[in-house]
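Visitor: Hi, I've got a structure here and I'd like some help reading it. Can we go through it together?
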Amino acid sequence: MGKHGQEWFSGPHGVWMRALSVMVLILVLTAMVGNAFAYYNVTSVNTTVILNKTTTAKVIETFYLYVSSSSVSQYAASRGAYNFTLGDWQKILQSSLLTQHILNPVESASDYSFLPGALTSEGTNGGTAVLIISYTVPNVTTVSEIAPRKFEYDFNNSVFNFEHAAGGQELPNGARLNFIVPNDSQIISVYPLPDSPSPNYEGKYKNITAFSWFSQEPLSGFSFSYILMESPQQEVLSYFSNIYSSYTSFIYALAVVLLGVFAAYIYFKFIAV
């Protein structure tokens, strides 16, 4: 550095230059600290599996999200981008919890929807939001007829897509798994026992349709089975529905043949003469 440069930093001007340098450094550090605290955090997730009288299940997943004050504007902008996919949101939130936790390894889910909710402001502490994913998963249960009009439904635990631990999959901290079954279900097997509700004095779950597991429950040996009775009316409808399904191609072919015969009759009766 030359003589004039030394005078610049050591003279009166040097005081201002040093002050300016300190201010710039403070602004840079402030920006860095602000970015360090700009983050999202999925605090908990609620996965609800709605079982029914078919092998498919409706799944509704609710993600509870904390948004830091420095990320509020980014969340609002991302929420306004309706073409954002789940993958886009995973990149934004950088959370392994934001995923579909019920997946059929063979068949894809359908009726998929994703709704990022509005932000509830908490002032200088940022805000919270709820993200909801819903979809339908095929072959979640297997069904077998064990008696006339009596069917057993067994849950297929290979559709779980939760965190992997040393002993297999388990519910992560902050996660809750819920099962909802039809009103007339008879529960015959549950493992592990749900955290809610408690069984009755007989150790059974009579007239209960909602079950929940949490507290980092292991899922490696998970099983859930229930029985449903089919009414006589349902049996008749199922019988004719199966017949129709079995002979659909034959019925279509017969209709084509009859239509062809009718067309030939019209042609030879009124046109070819």
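Guide: Sure. One term to start with: pLDDT is the predictor's confidence in each residue, from 0 to 100. You need it here because this is a predicted model, and pLDDT stays under 50 over residues 234–242.

Visitor: How many contacts does the model have for residues 234–242 beyond four places in sequence?
Guide: It has 5 of them. Residues 22–38 also stay under a pLDDT of 50, and for that stretch the model has 6 contacts beyond four places in sequence.

Visitor: And what does the chain average?
Guide: The average pLDDT is 81, and 75% of the residues score at least 70.

Visitor: OK, new topic, sheets. In what order do the strands of the open sheet come?
Guide: Its 4 strands come in the order 6-7-13-11, with antiparallel pairing. Strand 6 (141–147) and strand 11 (186–191) each have a single partner strand, so one side of each has no neighbour in the sheet. On average, neighbouring strands of this sheet are turned by 20 degrees against each other, direction ignored.

Visitor: How many bridges join strand 6 to strand 7?
Guide: There are 6, and the two strands run antiparallel, with strand 7 covering residues 150–155. Thr141 stands opposite Phe155, while Ala147 has Lys150 as its bridge partner.

Visitor: What sits between those two strands?
Guide: Strands 6 and 7 form a hairpin with 2 residues between them. In the turn, Arg149 has a positive phi of about 65 degrees.

Visitor: Where else does a positive phi turn up, outside glycine?
Guide: Gln94 has one, about 50 degrees, and it is not a glycine. You'll find Gln94 in the loop between helix 4 (86–93) and strand 3 (110–116). These spots catch the eye because most residues other than glycine have a negative phi, and most peptide bonds are trans.

Visitor: Then which residues does a cis peptide bond join?
Guide: Tyr191 and Pro192, with omega at about -10 degrees. The bond from Ser196 to Pro197 is cis too, with omega near 0 degrees. Pro192 lies in the loop between strand 11 and strand 12, and Pro197 is found in the loop between strand 11 and strand 12 as well.

Visitor: Back to pairing. Do strand 1 and strand 10 pair in the parallel or the antiparallel sense?
Guide: Parallel, over 6 bridges between strand 1 (residues 40–51) and strand 10 (residues 175–180). Thr47, for instance, has Leu177 in strand 10 as its bridge partner. Strand 10 is also joined to strand 12 (residues 210–213), by 4 bridges, and that pair runs antiparallel. There, Phe179 stands opposite Phe211.

Visitor: What is Gly168 in contact with, leaving aside neighbours within four places in sequence?
Guide: Glu163 and Ser220. Gly168 lies in strand 9 (residues 168–170). The C-alpha atoms of Gly168 and Leu219 are separated by 7.1 Å, with the two residues 51 apart along the chain.

Visitor: Last one: what volume does the largest pocket have?
Guide: About 330 Å³. It is lined by 16 residues, and the closest to its centre are Gln186, Ile187, Lys204, Tyr205 and Lys206. The lining divides into 6 nonpolar, 6 polar and 4 charged residues.

Notes: Residues numbered from 1 in each chain as written. Predicted model: local features only at pLDDT ≥ 70, side-chain atom pairs only at ≥ 80, totals over all residues. Heavy atoms only, no water. Contact = heavy atoms within 4.5 Å. Pairing = 2+ DSSP bridges. Axes fitted to C-alpha atoms, helices over the stretch in contact; angles between N-to-C directions. 1 Å grid on protein atoms, 1.4 Å probe; cavity = no way out; pocket = protein on both sides within 12 Å on 5 of 7 lines; lining within 4 Å. Points joined across faces, edges and corners; volume = space filled by probe spheres on them. Nonpolar A, V, L, I, M, F, W, Y, C, P; charged D, E, K, R; others polar.
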